[in-house]
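Trainee: Hey, I've got a new structure open and no clue where to begin. Can you walk me through a few bits of it?
Mentor: Sure, pull it up and we'll go piece by piece.

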Amino acid sequence: MRIHSSALMASLVGALTLSACSPAQNWRDVALEGTPLKVQLPCKPDRTTRIVPLGGVAVDLQVVGCESGSAMVAVMTASLPPGADASGVMAAWQKATLDNARVAQALTASQQQVWHRPGQLPLAASLRIQAIGQRANGEPVNVDAVWGAVGEGNRVRLVHAVLYDAQPTAELANTLFDGIKP
């Protein structure tokens with residue numbers, strides 16, 4: 001199973017390049033269209049949907065994201081076809097995200113935590129990962145990201161949220177991640 005990291009990053013960058021947010025951390029509830037998911041974002045989001053290959057299958061990847069102060073935040077979701085290996089796709093998505101953020105070192109146990117929330121499927125690849133990477137200009141950036149899944153009939157919907165910031169606060173990340181509701 002492969003995820004084309006360039007397609008995922010293009011979706012994220014495309015959603016965020018037009019961002020013109022309200023004041024930093026003006027939290028609002030955001031519904032992800034056509035899904036049962038609701039999220040909280042600290043600023044007015046831009047939205048995009050792109051067809052990307054996840055696990056070798058083209059899926060609609062829905063992205064909502066914005067900039068809040070110096071932080072860039074995004075929440076992404078995609079419904080997998082029946083029978084797809086959700087844990088395998090999430091693991092590949094994690095690798096693609098870390099590769100795109102230029103996280104060079106292997107992750108330690110303290111950088112990875114189980115991330116299960118009420119209403120989400122208890123998959124082994126449902127993780128919160130915190131690492132240091134690099135921006136395109138070479139400056140260091142902290143990456144704080146989660147991946148999870150919810151059931152939708154005979155399908156599984158993956159959800160991924162990420163915060164990029166040079167000086168992230170635990171409050172911002174925790175509020176973003178805790179605000180994801182199935």
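**A hairpin, a helix and a disulfide**

Mentor: Let's start with β8 and β9, which form a hairpin with two residues between them. In the turn, Gly 153 has a positive phi of about 65°. Keep in mind that this is a predicted model.

Trainee: Okay, how many bridges pair β8 and β9, and in which sense?
Mentor: There are 11 bridges, and the pairing is antiparallel. As an example, look at Trp 147, which stands opposite His 160 in β9.

Trainee: And what about β5, how many bridges join β5 to β9?
Mentor: Nine, and those two strands run antiparallel. Find Met 72 and you'll see that its bridge partner in β9 is Tyr 164.

Trainee: So is β9 mostly covered or mostly open?
Mentor: Mostly covered: 10 of the 11 residues in β9 are buried.

Trainee: I clicked on Ser 79. Where is that one found?
Mentor: Ser 79 sits in strand β5.

Trainee: Buried or exposed?
Mentor: Ser 79 has 15% relative accessibility, so it counts as buried; the cut-off for buried is under 20%.

Trainee: Which residues does Ser 79 touch?
Mentor: Leaving out residues up to four places away in sequence, Ser 79 touches Val 59, Glu 152, Arg 155, Val 156 and Arg 157.

Trainee: Switching topic: which residues of helix α3 are buried?
Mentor: In α3, residues 170-178, the buried ones are Leu 172, Ala 173, Leu 176 and Phe 177. They span an arc of only 120° around the axis, so they lie on the same side of α3.

Trainee: What's on the face turned away from that buried side?
Mentor: That face of α3 carries Ala 170 and Glu 171, which are exposed.

Trainee: And what covers the buried residues of α3?
Mentor: Strands, among them β2, β5, β7, β8 and β9. You've already met three of those names.

Trainee: Last thing, how many disulfides does the structure hold?
Mentor: One. The disulfide joins Cys 43 to Cys 66, with 2.0 Å from S to S. Cys 43 is in the loop between β2 and β3, while Cys 66 is in strand β4, so the pair ties together parts that are 23 residues apart in sequence.

Trainee: Why is that disulfide called right-handed?
Mentor: Because the torsion about the S-S bond of Cys 43 and Cys 66 is about 85°.

Trainee: Are those cysteines buried or exposed?
Mentor: Cys 43 counts as buried, at 0% relative accessibility. Cys 66 is buried too, with 0%.

Notes: Residues numbered from 1 in each chain as written. Predicted model: local features only at pLDDT ≥ 70, side-chain atom pairs only at ≥ 80, totals over all residues. Heavy atoms only, no water. Disulfide = S-S within 2.5 Å. Helix = DSSP H or I, 4+ residues; strand = E, 2+ residues; numbered from the N terminus. Buried < 20%, exposed > 50% of the residue type's maximum accessible area, 1.4 Å probe, protein only. Arc of directions from axis to C-beta. Contact = heavy atoms within 4.5 Å. Pairing = 2+ DSSP bridges.
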